[in-house]
Amino acid sequence: MPRTAMNPNKGEVPPPANPKISLCVLTHWTGHAYHKHRIPVIELCLSSLREGAKGYDYELPIFDNGSDASFRKKLLQFNADTVVLSPNIGKQSAQQRMVELARGEIFYFTDDDIYHYPNWLSEHLRILDTYPHPILVSGSPQR
């Protein structure tokens, strides 16, 4: 489930230019049959993520959590700002590492199999801007 939060590392990471938002994607792929159609799913995730973020100042890092070598070559074709190749360190450790690496004031992370509705980012930012001290925006569409 995707989550948006204020980045606790704001101001501590010394990059030359800081984007407003870090849109971080966690991915993991193996040659197992379960991942047979994973690449088109990841492509849909990334395209919907980018579409909803048009007009915003953002970076798009992808954190690969121990995928097969063949998939790691494919990662470079996704045109991410940064690709982090890591052995499988578990989901929570990978998420923590993404927070540490993110340069944006606002940190958003998602798994690689999430479809983002149009205007998803503007709605998340509206919530962050509405409340005086937001910490986390999380969830999926509900009735």
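Let's start with how this chain folds back on itself: among contacts in the protein chain between residues at least 6 apart in sequence, 74% join residues at least 24 apart. Keep in mind as you look around that this is a predicted model.

What are the pieces that make these contacts? The protein chain has four helices and seven strands. If you follow the sequence from its beginning, the pattern reads β-β-α-β-β-α-β-α-β-α-β. Of the chain's 143 residues, 41% count as buried. The accessible surface comes to about 8,400 Å², and carbon and sulfur atoms account for 54% of that surface.

Now step inside. In soluble globular proteins, nonpolar side chains tend to be buried together. Here, the largest nonpolar core holds 20 residues, and Leu23, Leu46, Leu49 and Phe78 touch the most other members. Several elements give two or more residues to this core: strands β2 (21-27) and β6 (106-111), together with helices α1 (38-52), α2 (69-75) and α4 (120-130). The largest share comes from α4, with four residues. There is also a second, separate core of nine residues, which includes Cys24, Phe63, Ala94 and Phe109.

Leu46 is a good residue to pick out on your screen. Leaving aside neighbours within four places in sequence, Leu46 is in contact with Val25, Leu60, Ile62 and Phe78.

While we are indoors, have a look at two cysteines. Cys24 is buried, with a relative accessible area of 2%, and Cys45 is buried as well, at 1%. How many disulfides are there? The count comes to zero. A disulfide needs a pair of cysteine sulfur atoms within 2.5 Å.

Next, turn to helix α3, which covers residues 91-101. Which of its residues are buried? They are Ala94, Gln95, Met98 and Val99. Seen down the axis of α3, these buried residues fall within an arc of 145°, so they line one face of the helix. The spacing makes sense once you know a simple rule: an α-helix has 3.6 residues a turn, so residues three or four places apart point the same way. The cover over the buried residues of α3 includes β2, β4 and β6.

Strand β4 brings us to a charged residue. Asp64 sits in β4, which spans residues 61-65. Is Asp64 buried or exposed? Asp64 counts as buried because its relative accessible area is 0%, and the cut-off for buried is under 20%. The side chain of Asp64 makes a polar contact of 2.4 Å with the side chain of Ser67. Beyond its neighbours within four places in sequence, Asp64 is in contact with Thr27, His28, Phe71, Arg72, Leu75, Val84, Leu85 and Ser86.

Move along the chain to Gly66, in the loop between β4 and α2. Gly66 counts as partly exposed, at 22% relative accessibility. Its C-alpha atom is separated by 4.2 Å from that of Pro87, although the two residues are 21 residues apart along the chain. Not counting residues up to four places away in sequence, Gly66 touches His28, Arg72, Ser86, Pro87 and Asn88.

Another residue worth a visit is Glu59, in strand β3 (residues 58-59). Glu59 counts as buried, at 4% relative accessibility. A polar atom of the Glu59 side chain lies 2.8 Å from the backbone nitrogen of Arg103. Arg103 is also one of the residues that Glu59 touches, among them Pro19, Leu23, Asp81 and Gly104, when residues up to four places away in sequence are not counted.

Let's finish in the loops, with a detail of the backbone. Most residues other than glycine have a negative phi, and most peptide bonds are trans. Which way does Asn79 go? Asn79 has a positive phi of about 55° although it is not a glycine. Asn79 lies in the loop between α2 and β5 (82-86), and it is exposed, with a relative accessible area of 61%. Asn119 also has a positive phi, of about 65°. You will find Asn119 in the loop between β6 and α4, where it is exposed, with a relative accessible area of 51%.

Notes:
Residues are numbered from 1 along each chain as its sequence is written. This is a predicted model: local features need pLDDT of at least 70, side-chain atom pairs count only at pLDDT 80 or more; totals for chains, interfaces and linings use all residues. Side-chain values use heavy atoms; hydrogens and water are left out. Buried means under 20% relative accessible area, exposed over 50%, partly exposed in between (1.4 Å probe, protein chains only). Contact means heavy atoms within 4.5 Å. Accessible areas come from the Shrake-Rupley method with a 1.4 Å probe; for residues, only the protein chains shown count as cover. A polar contact is a pair of N or O atoms within 3.5 Å; within protein, one must be able to donate a hydrogen and the other to accept it, and residues adjacent in sequence count only if both atoms are side-chain atoms. A nonpolar core is a set of buried Ala, Val, Leu, Ile, Met, Phe, Trp, Tyr and Cys residues joined through side-chain atoms within 4.5 Å. The arc is that of the directions from the helix axis to the C-beta atoms.
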